[in-house]
Amino acid sequence: MFPRKKKQEVIVTAIDLSREDPVFSAFDILSEDEKLDVLRVKIQFICEAMSQKHPDAQWIIGWREYGIMGKEGNRTVSREFKNKLKEILQKFVTQHHNLTIIAGTIAVEKQLTPAKRSSNEKVSKIQRSYQDILDIHDVEDSSPDNNPVLRQVKKHSDQFKNLMAAGKEFTVIRNTCYIAVFKNYISVRIRR
């Protein structure tokens, strides 16, 4: 028989980055660095409070999807911002081993040009993704005429092929939810 583990208290705290919050409009117009400073201060405050009140508990801090966006309502943030955010999250979970941070989904925009060698692998992955979806539906014996989801996939796939044929630069937006855990980093990517 295995020894029983002591039950551990779990404290979940949400950082309010809600669009209904009157303070949000002030947060929304801050620069990316100012947003990171606000977030850093909020997380630090929570960690200090939890260290005092619940030092042996597991702490989980999170915020809503797209709580952090670019300046003035632009949904995407820069890659530099994303990297700084990941550093901040990792710093906190390294300092507080009982902390997990679930950062709401952020969107990062990247320009790809089919002619650039560095873009080729990414372009191939996108093409394979579209083809995989279409192949699955072929096996299921669905036709785009009868399936609205497949019709949309086919439409996007055709638009993507046209972009590739034109050889023009295009934008890829990657949505990622980062979950920072001591000694580990988990990212869940949702591509559009």
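What follows is a walk through the fold, two buried helix positions, a strand glutamine and the salt bridges of this chain.

The model is a predicted one. Its chain works out to five helices and six strands, and these come in the order β-α-α-β-β-α-β-α-α-β-β when read along the sequence. The chain has 192 residues, and 35% of them count as buried. The accessible surface is about 12600 Å², and carbon and sulfur atoms own 53% of that area. As for how the chain folds back on itself, take the contacts with a separation of 6 or more: 72% of these join residues 24 or more positions apart.

Two helix residues give a feel for the buried part. K35 sits in helix α2, which covers residues 32-53. This lysine has a relative accessibility of 2%, so K35 counts as buried, the cut-off being under 20%. Some way along the sequence there is I68: 33 residues separate K35 from I68, yet their C-alpha atoms are 7.8 Å apart. The other residue is L89, found in helix α3 (residues 79-95). L89 is buried too, because its relative accessibility comes out at 0%. Its long-range partner here is A180, with the two positions 91 residues apart in sequence terms and a C-alpha to C-alpha distance of 6.1 Å.

On the strand side, Q58 is worth a stop. Q58 belongs to strand β2, which runs over residues 58-62. With a relative accessible area of 19%, Q58 falls under the 20% cut-off and therefore counts as buried. Its side chain reaches the backbone oxygen of N98, at a distance of 2.8 Å. N98 also turns up in the list of residues that Q58 touches once those up to four places away in sequence are set aside. That list holds Q8, E9, V10 and I11 on one side of the numbering, and N98, L99 and T100 on the other.

That leaves the charged pairs. Searching the whole structure turns up two salt bridges. One of them joins the side chains of D33 and K84, with an N to O distance of 2.9 Å. This pair links distant parts of the chain, since D33 is in helix α2 and K84 is in helix α3, 51 residues apart. What about the exposure of D33 and K84? D33 has a relative accessible area of 42%, so it is partly exposed. K84 is partly exposed as well, because its value is 36%.

The other salt bridge is between the side chains of D37 and R40, and here the N to O distance is 2.6 Å. Both of these residues lie in helix α2, three residues apart, which is about one turn of the helix. D37 has a relative accessibility of 40% and so counts as partly exposed. R40, at 31%, also counts as partly exposed. Helix α2 thus carries D33 of the long-range bridge, both ends of the D37–R40 bridge, and the buried K35.

Terms used:
Residues numbered from 1 in each chain as written. Predicted model: local features only at pLDDT ≥ 70, side-chain atom pairs only at ≥ 80, totals over all residues. Heavy atoms only, no water. Helix = DSSP H or I, 4+ residues; strand = E, 2+ residues; numbered from the N terminus. Buried < 20%, exposed > 50% of the residue type's maximum accessible area, 1.4 Å probe, protein only. Contact = heavy atoms within 4.5 Å. Areas by Shrake-Rupley, 256 points an atom, 1.4 Å probe, with all protein chains shown as cover. Polar contact = N/O pair within 3.5 Å; in protein donor to acceptor, adjacent residues only side chain to side chain. Salt bridge = Lys/Arg side-chain N within 4 Å of Asp/Glu carboxyl O.
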